[in-house]
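Please look through the structure shown here with its sequence, and follow the paragraphs below as they move from charged pairs to rings and then to strands.

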Amino acid sequence: MSELVPSDKQSWNSGGTAHILPAERAKATFEVERMTEAIYGGPEMVAKRRFVLAPSKRHGLPQLQKYTMDREELMAAHFKHFIGIHKSFTGKAYRPTPEETAWMSACSMNSGALTTHMGLFLPTLVAQTSGHQQLQWLPRTMKFQIIGAYAQTELGHGSNVRGLQTIATYDKTQESFILNTPTLQSMKFWNSGAGLAATHCVCYAQLIIEGKNYGVHVFFVQLRDENHYPLPGIEIGDCGNKLGDNGIDCGYIRMKDVKVPREHMLAKKSHVEPDGTYVKHTAGKKTDPKAAERLQYMTMLTARANMIGISGGKLALAATSAVRYSCVRKQGFVNTDSTQTHESEERQIIDYQMQSYRLMKQVAMSYAIQFVSRWMMMRFTQLSKGLWDLGEGDDEGPSDEGADLPEIHASAAGLKGLCCRVVADGMEDCRKCCGGHGYLLASGIAASWTDYVWQATAEGDLIVMLLQTARFLLKSLAAARGGENVSGMMKYLAPFNKKGYNPLEERLPKAGSVEEFCILENLDRLLRHRAVVSIYRADRTVEEMMARGVKKDEAWQGSSVTLVAAAERHCYYFMFSKFVEAVKECKDPATKAALEKLCQLYAMNQLNDGSGWAGIINAKEAEYIEAGITILLKSLRPDAVTLVDAFDIPDRVLNSAIGRSDGNVYEAIYEHARVSPLNKTGPFAGFTEHVKPHLDEKFLQLRGQPTAALKKAMAPKKSKKSKM
């Protein structure tokens, strides 16, 4: 086979697209580095992110190789590369921030069990163990001397942690907890890393002492011995093949009378004395009495905050490949009259307005999630400050522990649910925008989507998450009506401090032109008002049902559609508000101008595709929406490639034949096709047994020549000479 040579012109060895992306970048209205700094929070954060991602240059699979590997090969590669990248850092007690963890996860090239080991198992030990326990377990965890799984979810239980059915009964005669998964539903299930890899797990179970239930506690449980076989009483295995992310061995765990030492209950906030006395740690502090219970949820909150950060990065991966490919791919003649030939100029598919709209709204959404994620990580870091301290004196915990938890919990719940759903849908639409080539795993988008989509339900389904946020919204509304000072993410409910305030009676100023309609202040006013009205209506729906005698829980269930809509619209507005803050913080004029247009497109998409606008916008404003989107798409078109380049995703991470930064997509697609495992010399497996007996061997021996009968039938007819 001849070697492929990318160039500007099509030939036997070239797709002829090498010039396209450089030409696109030359159109940009801003410097890509300035936009990268705007996304990640400045030059220092960009440098830190590049430092964090740099080791993957030395430890990683060759481009596109992942897409031809089986599960065992993926797992082996994951352990080799993950430990190769991380051990030199973790061995020196390097402690990544939540934001750094999100960067690493979003740019992971081959996820696996150690992602959970570092992302869930380790943070649980950090947050919920005593100083003595940390000294024994954390160094071993960080040096990969033990491999940990996070055993919370059960076959029959997920988000409802209080409903978990795994039982830990204290036996004071043995000074041990006896762990059981007494029913089929109570077995641990979907526990990443447990299937094949984990030596230990942090196991969530109901603590029972002398018949009294003390609620869910966490236990450090060894699963496998020094030869990596299950310990007595433990049945453990892999859950089976999944839609994607098959490098992770999601597992099940069944336990029957498994003995766990008394010292192995995580003891940050409580412990059990040898005689069975349950001791809750208060340390004499004037703290929220529920702080100890709230801390049980810290690991879940860690996961949710991390998943918000990951979601923006994953959508950026898909949008980058789809936008670049849409600039390279041409389809349909620029001039469609009947004089065109196969050599006539064709249109870049990104120049079809609907293609542009579908892609650019995903780019805008990714930016919005990146900005709200930065806020989320900052707030979460403030909340968890002090939990990394390994000192014995830190058993008391941070002084402000739990103070910000209600707001953080509400934010993490709704944003996690919404962002993961929006990103899963957005990645799939990016794939569809790439036509048939998007269906290849080697497109990068298809594989990334199947590896990512589970996050839409993991750690909390969308509806469950939004209902948690809705509960906080209605509580905040009640506080505002009671005269309390609402701040933070809920400050826009302050008008309810005024007795009798009804947002349905409020009349917003009307724009007099498309340009006036599209300014950020007007868009902010519209999105904010939609959120306020939705919260007001949700609260009224619940109250009206209760006024008719419906019990509170039933009234809540009967209002779920309205409550979910309110939470969703609140989250969309909150994301927009953080996007606006990022625009205002941007110092470079050219970058700020492009960022503002993208922010406007985010809001205009909400107005165009979203619901809840009845009574808020009129018919004329509805016309402004479509006209405004058209103007914004045209204005953003020169910056399309540079806006995704600004995500700063290396080709090795993108791992895409169609999204590569040099634009040589046809060479990459063909090269990957040539190395398919099915393209081996000789007949395929099963050919001799199942296919060959049915084939016409004599016909095949003609080597493409026509049969004698066909030759005769299609031979030129001899003209008959007329009789004289």
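In this predicted model, Glu-31 forms a salt bridge with Arg-34, and the closest N and O atoms of the two are 3.1 Å apart. The two partners can be described by how much of each is accessible: Glu-31 has a relative accessibility of 51% and therefore counts as exposed, since the class begins over 50%, while Arg-34, at 28%, counts as partly exposed. This pair is one of 30 salt bridges that the structure holds.

Another of these bridges is formed by Asp-645 and Arg-25, with the closest N and O atoms 2.5 Å apart. Here the two residues come from distant parts of the chain, because Asp-645 lies in helix α20, which covers residues 640–645, whereas Arg-25 lies in helix α1, which covers residues 20–26, and 620 residues separate the pair. Asp-645 has a relative accessibility of 14% and so counts as buried, the limit being under 20%, while Arg-25, with a relative accessible area of 27%, is partly exposed.

A salt bridge can also be found inside one helix, as Arg-421 and Asp-425 show: both lie in helix α11 (residues 405–433), 4 residues apart, which is about one turn of the helix. The closest N and O atoms of Arg-421 and Asp-425 are 3.8 Å apart. Both partners count as partly exposed, Arg-421 at 24% relative accessibility and Asp-425 at 48%. Salt bridges can also join into a network, and Glu-24, Lys-27, Asp-351 and Arg-637 are linked in this way.

From charges we can turn to rings. The structure holds 20 aromatic pairs, and among them is the pair of Phe-579 and Tyr-602, which is tilted, with 6.2 Å from centre to centre and 50 degrees between the planes. This pair, too, links distant parts of the chain, with Phe-579 in helix α17 (residues 560–585) and Tyr-602 in helix α18 (residues 589–609), 23 residues apart. Both Phe-579 and Tyr-602 are buried, and both belong to one aromatic cluster that also includes Tyr-367, Phe-371, Phe-576 and Phe-647.

Helix α17 also holds Lys-578, which carries a charged side chain and yet is buried, with a relative accessible area of 11%. The side chain of Lys-578 makes a polar contact with the side chain of Glu-581, at 3.2 Å.Charges and rings also meet directly: the charged end of Lys-361 sits over the ring of Tyr-357, 4.7 Å from the ring centre, and the charged end of Arg-471 sits over the ring of Trp-556, 4.2 Å from that ring's centre.

The strands come next. Where does strand β5 lie, enclosed or open to the outside? In strand β5 (residues 200–209), 10 of the 10 residues are buried, so the strand is largely enclosed by the rest of the structure. Several strands pair with β5. Strand β1 (residues 148–151) is joined to β5 by 4 bridges and runs parallel to it, with Tyr-150 standing opposite Val-202 in β5. Strand β2 (residues 167–171) also pairs with β5 in the parallel sense, over 3 bridges, and there Ile-167 stands opposite Gln-206. Strand β6 (residues 212–222), by contrast, runs antiparallel to β5 and is joined to it by 9 bridges, and Phe-219 in β6 is the bridge partner of Cys-203. The strands β5 and β6 form a hairpin with 2 residues between them, and Glu-210 in the turn has a positive phi of about 50 degrees.

A further group of 3 strands forms an open sheet in the order β4-β8-β7, and the pairing is antiparallel. Strands β4 (188–192) and β7 (234–238) stand at the edges, each with a single partner strand, which means that one side of each is left without a neighbour in the sheet. From one strand to the next, the twist of this sheet averages 25 degrees. Between β7 and strand β8 (residues 250–255) there are 5 bridges, and the two strands run antiparallel; within this pairing, Ile-234 stands opposite Met-255 in β8.

How values were computed. Residues are numbered from 1 along each chain as its sequence is written. This is a predicted model: local features need pLDDT of at least 70, side-chain atom pairs count only at pLDDT 80 or more; totals for chains, interfaces and linings use all residues. Side-chain values use heavy atoms; hydrogens and water are left out. A salt bridge is a side-chain nitrogen of Lys or Arg within 4 Å of a carboxyl oxygen of Asp or Glu. Buried means under 20% relative accessible area, exposed over 50%, partly exposed in between (1.4 Å probe, protein chains only). Rings of Phe, Tyr and Trp (its six-membered ring) pair if their centres lie within 6.5 Å; planes under 30 degrees apart count as stacked, over 60 as edge-to-face and the rest as tilted. A charge sits over a ring if NZ of Lys or CZ of Arg is within 6 Å of the ring centre and within 35 degrees of the ring normal. Two strands pair if DSSP finds at least two bridges between them. Axes are lines fitted to C-alpha atoms, for helices over the stretch in contact, and angles run from 0 to 180 degrees between N-to-C directions. A polar contact is a pair of N or O atoms within 3.5 Å; within protein, one must be able to donate a hydrogen and the other to accept it, and residues adjacent in sequence count only if both atoms are side-chain atoms.
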